[in-house]
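Here's an informal walk through one protein model, written for someone who works at the bench. Have the sequence and the 3D view open as you read.

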Amino acid sequence: MNGTRTIFAGAVLATAEGCRNGSVAVRDGIIESVGDVTPQAGDRVVDCSGLCIMPGLVDIHVHLREPGYEYKETIASGTAAAAHGGYTTVCPMPNLNPVPDSLQTLGVQLDIIARTAAVRTVPYASITLGRRGGGQTVDFDALAPSVVGFSDDGSGVQERETMRRAMEGAAKAGKPIVAHCEVDELLRGGYIHDGEYCRRHGHRGICSESEWAQVVRDIELAAETGCQYHVCHVSAAESVEAVRRGKAAGVRVSCETAPHYLLLCDDDLQEDGSFKMNPPLRSASDREALIRGIQDGTIEVIATDHAPHSAEEKSRGLEKSVMGIVGLECAFALMYTYLVKRGVITLEKLVALMSENPRRIMSLGGGLRAGEPADIAVFDLGSKYRIDPGEFLSEGKATPFAGWDVEGACVLTLVGGRAAYSDGRLDSEMREISK
């Protein structure tokens, strides 16, 4: 096949290596060339002047809720939201019904993905059967070819020996263990950070040790087993330091944090379920440690932990609302506005954190290079708007960032050269070079 070539011309090209002016040529769903591209007879040219083209964003931590919890989100709605936010690949977590803990149960999810997903969707399988913990782990070798990794996200693996066996099995299968770190016995009925706001308002708190104690344990096990180990949604300063020490010691460890932990802390809490997530918003000093972590490379990934719930489930205040907020449709704009624009990190660093590092760590391939699939995000970095959850394509609307002013709107998301999302403005910018 040798279809028409489309040139996205005159943009700023942003990668982890730097930013430059240039164009991207796409043919048959593949990037043909990047940089200086000379239009030829028969080409379609899309004028992207004033816009920024980058490799499609990658979120390695989302909850799409299907199968089992379609009243919260579906694979169709969640991946439409992803495309709206500039994401071309997402990795959904396994807290589903049925739990993807066997080829049969994983197959239910894979079938829905094949039929309805708007972007590339590579799921996790669980670590333990039914995500119940205990001593029964999944068949890592059987599941490995179909998944990005193994996680019991939503709960921590409590038993040290279970995690050791899991790491041995995952290492043999060549896939990472991706861990939600939480010590159940340290939770003590808490639901927000055990800090000043918690004490002042009579809430029950979750201590930081409930997170970092398991991070420390797991890094020790990763060192012993040689397993690739990735820590989910890091929120505590001690967790960042544990990962930093592990990296310095040569352990195959990486970690992620989320936009809400980088921009908010427990000083910002309101009596509103949109401020309730797991792990909770921690102290200002924890937030500062996370910022230092993304600056020095200890934290290599910004993921959203997109966790949609029904409006009723999020309407019960801090104490009684379920945990989880949405993030796919506002993450990039928030990070660009409040980190890049304010000089905390560069745009190149943001592209690394939200696209190129997750691709590399999870062996997902791709990127803004010739020969790779045309998974591309086009942003108008100068577009200013106010975050309105009513405009989200996700079924979930709960976000603490409602009403925040941001810059950086997604104009077009291509997945394999196909428009997974378009705001329509580039349709009038396309012209065909006369033959």
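What follows covers a helix, the cysteines, a serine in a strand and some salt bridges.

## Ground rules

This is a predicted model, so local features need pLDDT of at least 70 and side-chain atom pairs count only at pLDDT 80 or more, while totals for chains, interfaces and linings use all residues. Residues are numbered from 1 along each chain as its sequence is written, and side-chain values use heavy atoms, with hydrogens and water left out.

## Helix α9

Let's start with α9, which covers residues 284–296. Helices here are DSSP runs of H or I with at least four residues, strands are runs of E with at least two, and both are numbered from the N terminus. The expected span of a helix is 1.5 Å times one less than its number of residues. For the 13 residues of α9 that gives 18 Å, and the end C-alpha atoms sit 19 Å apart, which agrees. Right after α9 comes Gly297, with a positive phi near 90°.

Which residues of α9 are buried? They are Asp286, Ala289, Leu290, Ile291, Gly293 and Ile294. (Buried means under 20% relative accessible area, exposed over 50%, and partly exposed in between, using a 1.4 Å probe and protein chains only.) As for what they pack against, the partners of these buried residues include α7 (237–248), β13 (253–257) and α12 (347–361).

## Cysteines and a buried serine

How many disulfides does a search of the whole structure find? Zero, where a disulfide is a pair of cysteine sulfur atoms within 2.5 Å. Cys227 is in no disulfide, and its nearest cysteine sulfur, in Cys181, is 12 Å away. For Cys232, the closest cysteine sulfur also belongs to Cys181, at 7.5 Å, which is too far for a bond. Cys227 is buried, at 0% relative accessibility, and Cys232 is buried too, at 2%.

β13, one of the packing partners of α9, is home to Ser254. Ser254 has a relative accessible area of 5%, so it counts as buried. Setting aside neighbours within four places in sequence, Ser254 is in contact (heavy atoms within 4.5 Å) with Tyr229, His230, Val231, Lys247, Glu300 and Ile361.

## Salt bridges

Side chains of opposite charge can pair when their charged atoms come close. The cut-off for a salt bridge is a side-chain nitrogen of Lys or Arg within 4 Å of a carboxyl oxygen of Asp or Glu, and the structure holds 24 of them. One of them joins Glu32 and Arg5, with the closest N and O atoms 3.2 Å apart. Glu32 is in β3 (residues 30–35) and Arg5 is in the segment before β1 (6–15), so this pair ties together parts that are 27 residues apart in sequence. Glu32 is partly exposed at 32%, whereas Arg5 is buried at 7%.

Asp141 pairs with Lys172, the closest N and O atoms being 2.7 Å apart. Because Asp141 lies in α3 (residues 140–143) and Lys172 in α4 (residues 160–173), the bridge links parts 31 residues apart in sequence. Asp141 is partly exposed at 42%, and Lys172 is exposed at 64%. There's also a network: salt bridges that share partners join Arg5, Arg27, Glu32 and Asp43.

Asp111 and Arg115 pair up within helix α2 (residues 103–116), four residues or about one turn apart, with the closest N and O atoms at 3.1 Å. An α-helix has 3.6 residues a turn, so residues three or four places apart point the same way. Asp111 is partly exposed at 40%, while Arg115 is exposed at 58%.
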